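Okay, hi everyone, thanks for making room for me today. Let's put the structure up and walk through it together.

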Amino acid sequence: MKKELWESSFELAKALFPLEEWIPTEPNIWVAKSRLPQQKKEPKKWEKEMFQVRILTSRGSIAYFLPEMIIKSVIGSKSADLVLDGEVVEMKTISGDRETLGGKFRYGYNQGAILLKNCKITKKPSVFIRLLSDIPINSVKAKIAGVLKYRYDEGKFICFFETTGELHIWTYDELRSIIGK
């Protein structure tokens, strides 16, 4: 299984950025060589991203940090953060309320969807949120289901509930089924 995750992750990262060199930095984590200067330029941001991805890789996931690039069609927006287990994933840390959660999810979803617009391998923009707030699980699921109401693509919502230490993964179809879409 791990070999399959590595292969699908590497193939997608290579398809999205064919000229990039991938540097292994920790077990199950590779970083685009062009992204490595971020460690020195923005060490706090880099450590936050590494902390987030370790939540997933410590459970067996395979991660490829993608190069940072500005998406021209979205003012001030950067592309999604990584390929995780063969899917493009944007990572966010949230400390606000349900409205903040919904807005950050929508923003992260769009970052992944735009990056995958011309990709022939997959069209699954997934989002990982490290939730610092004490929002109940059912409330989180309902909020994300509402955001996905008129979106019909595949993908996953991954949520780490910091207050309980729980990690939950739902497909977009599972979440949309809550509201009957």
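So, how much space lies in the largest pocket? About 300 Å³. And before I go on, please keep in mind that what you're looking at is a predicted model.

Let's stay with that pocket for a minute. There are 20 residues lining the largest pocket, and the ones nearest its centre are Glu49, Asp81, Glu90, Met91 and Lys92. If you want to find the walls on screen, look for α3, at 43–57, and β5, at 77–78, and then β7, at 87–94, and α4, at 98–115. Each of those four elements gives the lining at least two residues. What about the chemistry? Going by class, 10 of the lining residues are charged, six are polar and four are nonpolar.

Okay, next stop, the aromatics. Searching the whole structure turns up 11 aromatic pairs. Take Trp6 and Phe10: their ring centres are 5.4 Å apart and the planes sit at 0°, so that pair counts as stacked. Both are in helix α1, residues 2–16, four residues apart, which means about one helical turn separates them. Are they buried or exposed? Trp6 is partly exposed, at 33% relative accessible area, and Phe10 is also partly exposed, at 22%.

Phe10 has another partner, too. With Tyr64 it forms a tilted pair, 6.1 Å centre to centre and 50° between the planes. Now, Tyr64 belongs to strand β3, residues 63–65, while Phe10 is back in helix α1, so this pair ties together parts that are 54 residues apart in sequence. Tyr64 itself is buried, with just 1% relative accessible area. Zoom out a bit and you get a cluster: ring pairs link Trp6, Phe10, Trp22, Trp30 and Tyr64.

On to the backbone. As a reminder, most residues other than glycine have a negative phi. Which residues here go the other way? One of them is Asn28, where phi is near 70°, a positive value in a non-glycine residue. Asn28 is in the loop between β1, 22–26, and β2, 29–32, and it's buried, at 12% relative accessible area. Another is Asp85, also not a glycine, with a positive phi of about 50°. You'll find Asp85 in the loop between β6, 82–84, and β7. Asp85 comes out as partly exposed, at 23%.

Now for a couple of arginines. Where is Arg130? In strand β8, and it counts as buried because its relative accessible area is 14%, with the cut-off for buried being under 20%. What does Arg130 touch, if we leave aside neighbours within four places in sequence? The list runs Phe51, Gln52, Ile55, Lys92, Thr93, Ile94, Phe160 and Glu162. Lys92 should ring a bell, since it was among the residues nearest the centre of the largest pocket.

The other arginine is Arg176, over in helix α6. At 2% relative accessibility, Arg176 is buried as well. What does its side chain reach? The backbone oxygen of Arg151, at 2.7 Å.

While we're around α6, have a look at helix α5, residues 137–147. Which of its residues are buried? Ser139, Val140, Lys143, Ile144, Ala145 and Val147. And what covers them? The cover includes α4, β8 at 125–131, β9 at 156–161, and α6 at 172–178. So you've just met β8 as the strand holding Arg130, and α6 as the helix holding Arg176.

Last one, Thr164. That residue is in the loop between β9 and β10, the latter being 166–171. Thr164 is partly exposed, at 49% relative accessibility. A polar atom of the Thr164 side chain lies 3.3 Å from the backbone nitrogen of Glu166. And for anyone thinking about sequence versus space, Thr164 and Asp134 are 30 residues apart along the chain, yet the C-alpha to C-alpha distance is 8.8 Å.

Right, that's my tour. Happy to spin the model around if anyone wants another look.

Definitions and conventions:
Residues numbered from 1 in each chain as written. Predicted model: local features only at pLDDT ≥ 70, side-chain atom pairs only at ≥ 80, totals over all residues. Heavy atoms only, no water. 1 Å grid on protein atoms, 1.4 Å probe; cavity = no way out; pocket = protein on both sides within 12 Å on 5 of 7 lines; lining within 4 Å. Points joined across faces, edges and corners; volume = space filled by probe spheres on them. Nonpolar A, V, L, I, M, F, W, Y, C, P; charged D, E, K, R; others polar. Buried < 20%, exposed > 50% of the residue type's maximum accessible area, 1.4 Å probe, protein only. Contact = heavy atoms within 4.5 Å. Polar contact = N/O pair within 3.5 Å; in protein donor to acceptor, adjacent residues only side chain to side chain. Phe/Tyr/Trp six-rings, centres within 6.5 Å; stacked < 30°, edge-to-face > 60°.
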